[in-house]
Amino acid sequence: RSGMRGIERNIQFILLSGFYLGTLLTLSFVRQHDIFYAYKMVFIGVCFALFIFGYLLARAPQQDGEWVDSLLMMIGAGVLILILYRFLGFVKLISFTGTERGFDVTELNPVGVAYVNTVLVLVFVYMAVTTKRIVSKPLYAISAGVAVLVVITAGSRGAPLWGCVSLGIIACILLVNKKLKINTKTVATVGAAGLVGIPVAIYSFRANYALSEKLDILILRFEQLFRSLTGSGGDLSAAARVNFYDYYLSNLQLWIFCGEKYYSVYPHNQFLEIGVRFGLVGIPLLGFSWYVMWKTLTKAFSKKYEMSSEWYLVTLVFLFSY
């Protein structure tokens, strides 16, 4: 969409961003951070490319931005259902050999599995609500439902928690901008999704005992977190995060200027992580992060802007990712 002209118009930002990335990598090299191996460098390259692509998309000349349902999307949803259903079968297969939240001998990270599939849930829920093609609605609803089941297998709390919060925020945004109305049609759509989704979920849980086990694990982890927050119990994951925060905030002199030397363990907080990694050199990145979020929410809740359905979808995924 941006084309070569879009790249040329934004070449200064691209070069400045590349220079800043080079500065951060140089600082990391000098401070001997544990990131200089192939897997991590490829990941950093992918993240930088996505950053630039996102900027180019945001700066591209405005088109209607109204996604049009198509046969290709329906085929993609059908293929995805088969893939995710096969993955659920794999989880059942390894249920006696895998760890409580692990995926046996694979290198799949449960947090990553939950994150990716929650993105799928958000996208397909949005597509199911906004598509005008009746036959597509149940297909996209089933795709979202099967992705929910995969999220459950990961036993991760963050993705489902913030996925629900993100859906709630985007619903408020759409209501404010009168893009979503609570009427008979809306209720009928939700009801139809329930009529399709509930039987599928019941069948899946009955056919795959591993799902029930994973759901019990997920519920237990939420209960542990709740008890930890209310002071009536402990949670190892939450306690570890508190320890990270206490350590870094009590030892500012170790990282505040040039970042922590030999950095390797991230503190489970993106803002603190930027500081711990890069010290004062990370301030531009921190400022840019806050600015983009502020700009997004300002546009989202202001009735002055006429935004497209595509923009709201990107905003939904962005809010969840953030």
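Here are a few questions and answers about the core and the salt bridges of this predicted model.

Me: Which helix gives the most residues to the largest nonpolar core?
Reply: Happy to walk through that one. The largest nonpolar core has 44 residues. The elements that give it two or more residues include α4 (71–93), α5 (110–130) and α6 (136–154). The top contributor, with ten residues, is α6.

Me: Which residues have the most contacts inside that core?
Reply: One of them touches F87, F90, V91, I94 and L108, among others, leaving aside its neighbours within four places in sequence, and that residue is F103. The full set with the most contacts inside the core is F103, F124 and Y140.

Me: How many residues apart in sequence are the parts that E310 and R1 tie together?
Reply: E310 forms a salt bridge with R1, with the closest N and O atoms 2.9 Å apart. E310 is partly exposed at 24% relative accessible area, while R1 is exposed at 52%. E310 lies in helix α13 and R1 in the segment before α1 (3–9), so the separation in sequence is 309 residues.

Me: Is R277, in its salt bridge with E273, buried or exposed?
Reply: R277 and E273 sit four residues apart in helix α11 (residues 270–278), about one turn of the helix. The closest N and O atoms of this salt bridge are 2.9 Å apart. Buried means under 20% relative accessible area. R277 has a relative accessible area of 19%, so R277 is buried.

Me: What is the relative accessible area of E306?
Reply: E306 forms a salt bridge with K179, linking the loop between α12 and α13 to the loop between α7 and α8 (184–207). K179 is partly exposed, at 41%. E306 is exposed, and its relative accessible area is 67%.

Terms used
Residues are numbered from 1 along each chain as its sequence is written. This is a predicted model: local features need pLDDT of at least 70, side-chain atom pairs count only at pLDDT 80 or more; totals for chains, interfaces and linings use all residues. Side-chain values use heavy atoms; hydrogens and water are left out. A nonpolar core is a set of buried Ala, Val, Leu, Ile, Met, Phe, Trp, Tyr and Cys residues joined through side-chain atoms within 4.5 Å. Buried means under 20% relative accessible area, exposed over 50%, partly exposed in between (1.4 Å probe, protein chains only). Contact means heavy atoms within 4.5 Å. A salt bridge is a side-chain nitrogen of Lys or Arg within 4 Å of a carboxyl oxygen of Asp or Glu.
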